[in-house]
Amino acid sequence: MHEYGVALEIAETALKNAGGRRLSKVLLRIGDLSGVFAESLTMYLDLIFREKQKEPVTIVAEKVPARFKCACGAAYSPDKIFDPCPSCGGFDRTVIDGKECSIESIEIEDA
Ligand SMILES: [Zn+2]
């Protein structure tokens with residue numbers, strides 16, 4: 001149910017930004033490391049939008065792969081989250097990308 005809370009927050013932000021005009025599309029960026037399942041999130045968002053706005057909203061969830069910067073200087077996107085650095089085999093890394101769960105853009109239909 002974690003995704004429901006996230007969906008509610010995203011829906012409220014998107015509707016607020018639409019400022020009462022009809023929201024037609026929401027583009028999201030969901031990182032591999034965000035801990036959010038894109039499929040569940042879009043399902044909940046669809047339900048919330050149907051309830052709050054009579055017209056449906058197209059929801060597009062763009063997945064962002066995990067990207068790390070290693071202590072050796074290499075930046076990489078592992079096939080699996082727990083794969084080590086491909087250049088030195090180390091695990092001393094920081095996250096560059098993949099933690100986000102945010103609205104990339106919204107589209108509004110002018111009445
Ligand atoms: Zn390395």
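This report covers the zinc site, the cysteines and the nonpolar cores of a predicted model.

**The zinc site**

Four cysteines hold the zinc ion: Cys70, Cys72, Cys85 and Cys88. Each donates through its SG atom, at 2.3 Å. The angles between the 4 donor atoms run from 105 to 115°, so the arrangement is tetrahedral. Along the chain, the donor residues follow the spacing C-x1-C-x12-C-x2-C.

**Cysteine exposure**

The table lists accessibility for several cysteines.

| Cysteine | Relative accessibility | Class |
|---|---|---|
| Cys72 | 43% | partly exposed |
| Cys85 | 3% | buried |
| Cys88 | 45% | partly exposed |
| Cys101 | 27% | partly exposed |

Cys85 counts as buried because its 3% lies under the 20% cut-off. Cys101 is partly exposed because its 27% falls between 20% and 50%. The structure has 0 disulfides.

**The nonpolar cores**

The largest nonpolar core has 19 residues. Leu23, Val26, Leu28, Leu41, Leu45 and Phe49 touch the most other members. Three elements each give two or more residues to this core: α1 (2–18), β1 (22–31) and α2 (38–52). Another core, of 6 residues, lies apart from it. Its members include Phe68, Ala74, Tyr76 and Cys85. Cys85 is thus named twice: it is a zinc donor and a member of this second core.

**Around Leu28**

Leaving aside residues up to four places away in sequence, Leu28 touches Ile10, Leu41, Leu45, Ile59, Val60 and Ala61, among others. Its contacts also include Glu62, Ser102, Ile103 and Glu104. Leu41 and Leu45 stand with Leu28 among the core residues that touch the most other members.

Definitions and conventions: Residues numbered from 1 in each chain as written. Predicted model: local features only at pLDDT ≥ 70, side-chain atom pairs only at ≥ 80, totals over all residues. Heavy atoms only, no water. Disulfide = S-S within 2.5 Å. Buried < 20%, exposed > 50% of the residue type's maximum accessible area, 1.4 Å probe, protein only. Donors = N, O, S within 2.8 Å, 3.2 Å for Na, K, Ca; no water. Tetrahedral: all angles 85-135°; square planar, octahedral: opposite > 155°, others 65-115°. Core = buried A, V, L, I, M, F, W, Y, C linked by side-chain atoms within 4.5 Å. Helix = DSSP H or I, 4+ residues; strand = E, 2+ residues; numbered from the N terminus. Contact = heavy atoms within 4.5 Å.
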